[in-house]
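Grab your viewer and a scratchpad. Below are some exercises, each with a worked solution to check yourself against.

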Amino acid sequence: MSEQVFLVLTALAEEPLHGYAIVRAVDGLSEGRMRLRVGTLYGVLDRLVAEGLAERDREEVHQGRLRRYYRLTDAGVRVLAAEVARLSANVRAASSVLKARGAL
C-alpha cells in the first residue's frame, strides 16, 4: 500500500470527508510531507471506491459548488487495520536491529 493510499484511508477513518478536507487531513497527518494534488487524490479515491474500501457518503452544495463526501467502508477499516499492524511489526523489527547496533 502506498503512503498516499494509507494516509487517505486514515483521513477517512474518523469521519466522511470531501476532497479538499481529505487534502488538508493528509497534509496534517503527514506533518506537511505529503501534499496531494487533486488528480492524485481523485485517482486514489476512484481506486478505493472500485476496490470497495471507500464509498460515496453524500453530496452537498457549498457556496454554489458541489462537495462529494467519501467514507470508509467496513472493508476499508479492515484493510487499514491490517496495514497498521504490518507497519507496526516492521517498526518493531527495525527498532530491534538498530538498538542492537546502538543506533537508537
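**Exercise 1. Work out the order of the strands in the sheet and which strands stand at its edges.**

Solution. Keep in mind that this is a predicted model.

- Step 1: The sheet is open, has three strands and runs in the order 1-3-2, with antiparallel pairing.
- Step 2: Strand 1 (17-18) and strand 2 (54-62) each have a single partner strand, so they are the edges, and one side of each has no neighbour in the sheet.
- Step 3: Now zoom in on the pairing of strand 1 with strand 3 (residues 65-72), which is antiparallel and rests on two bridges.
- Step 4: For a landmark in that pairing, pick His18, which sits opposite Tyr69 in strand 3.

**Exercise 2. Write down the pattern of helices and strands along the sequence, then describe the stretch that UniProt lists as a domain.**

Solution.

- Step 1: Count the elements: the chain has four helices and three strands.
- Step 2: Walk along the sequence and you get α-β-α-α-β-β-α.
- Step 3: An unreviewed UniProt entry lists residues 8-81 as "domain: Transcription regulator PadR N-terminal". That label comes from the record, and such annotations may be inferred rather than shown by experiment.
- Step 4: Within residues 8-81, helix makes up 53% and strand 26%, while the C-alpha atoms at the two ends are 13 Å apart.

**Exercise 3. How does the radius of gyration of the chain compare with that of a compact globule of 104 residues?**

Solution.

- Step 1: The globule would come out near 13 Å, whereas the chain has 16 Å.
- Step 2: Put the box next to that number: along the principal axes, the C-alpha atoms fill roughly 60 × 25 × 20 Å.
- Step 3: Check burial. Of the 104 residues, 29% count as buried.
- Step 4: Add the surface, about 6,900 Å² of accessible area, with 50% of it belonging to carbon and sulfur atoms.
- Step 5: Finish with contact range. Taking contacts between residues at least 6 apart in sequence, 46% join residues at least 24 apart.

**Exercise 4. Which residues of helix 2 are buried, and what do they pack against?**

Solution.

- Step 1: The buried set in helix 2 (19-29) is Gly19, Ala21, Ile22, Val23 and Val26.
- Step 2: These buried residues pack against helix 1 (3-14), strand 1, helix 3 and strand 3.
- Step 3: Move on to Ser30, in the loop between helix 2 and helix 3. Its relative accessibility is 1%, so Ser30 counts as buried, the cut-off being under 20%.
- Step 4: Look for what the side chain of Ser30 is doing: it reaches back to the backbone oxygen of Val26 at 2.9 Å. Val26 is itself one of the buried residues of helix 2.

**Exercise 5. What sign does phi take at Glu31 and at Gln63, and is each residue buried or exposed?**

Solution.

- Step 1: Start with the background: most residues other than glycine have a negative phi.
- Step 2: Glu31 goes against that, with a positive phi of about 55 degrees. This happens just after helix 2, in the loop that leads to helix 3 (38-50).
- Step 3: Gln63, in the loop between strand 2 and strand 3, also has a positive phi, near 50 degrees.
- Step 4: Now test exposure. Glu31 has a relative accessible area of 73%, so Glu31 is exposed. Gln63 comes in at 71% and counts as exposed too.

**Exercise 6. Two charged-type side chains sit in helix 4: is Glu83 buried or exposed, and what about Arg78?**Solution.

- Step 1: Place both residues. Arg78 lies in helix 4 (residues 74-100), and Glu83 lies in helix 4 as well.
- Step 2: Glu83 has a relative accessible area of 9%, so Glu83 is buried. Arg78 has 56%, so Arg78 is exposed.
- Step 3: List the partners of Glu83. Its side chain makes a polar contact of 2.6 Å with the side chain of Arg86. Leaving out residues up to four places away in sequence, Glu83 touches Met1 and Phe6.
- Step 4: As a ruler check, take the C-alpha atoms of Arg78 and Ala89: eleven residues apart along the chain, they are separated by 17 Å.

Definitions and conventions: Residues are numbered from 1 along each chain as its sequence is written. This is a predicted model: local features need pLDDT of at least 70, side-chain atom pairs count only at pLDDT 80 or more; totals for chains, interfaces and linings use all residues. Side-chain values use heavy atoms; hydrogens and water are left out. Two strands pair if DSSP finds at least two bridges between them. Buried means under 20% relative accessible area, exposed over 50%, partly exposed in between (1.4 Å probe, protein chains only). The radius of gyration is taken over C-alpha atoms; the globule rule is 2.2 Å times the number of residues to the power 0.38. Contact means heavy atoms within 4.5 Å. Accessible areas come from the Shrake-Rupley method with a 1.4 Å probe; for residues, only the protein chains shown count as cover. A polar contact is a pair of N or O atoms within 3.5 Å; within protein, one must be able to donate a hydrogen and the other to accept it, and residues adjacent in sequence count only if both atoms are side-chain atoms.
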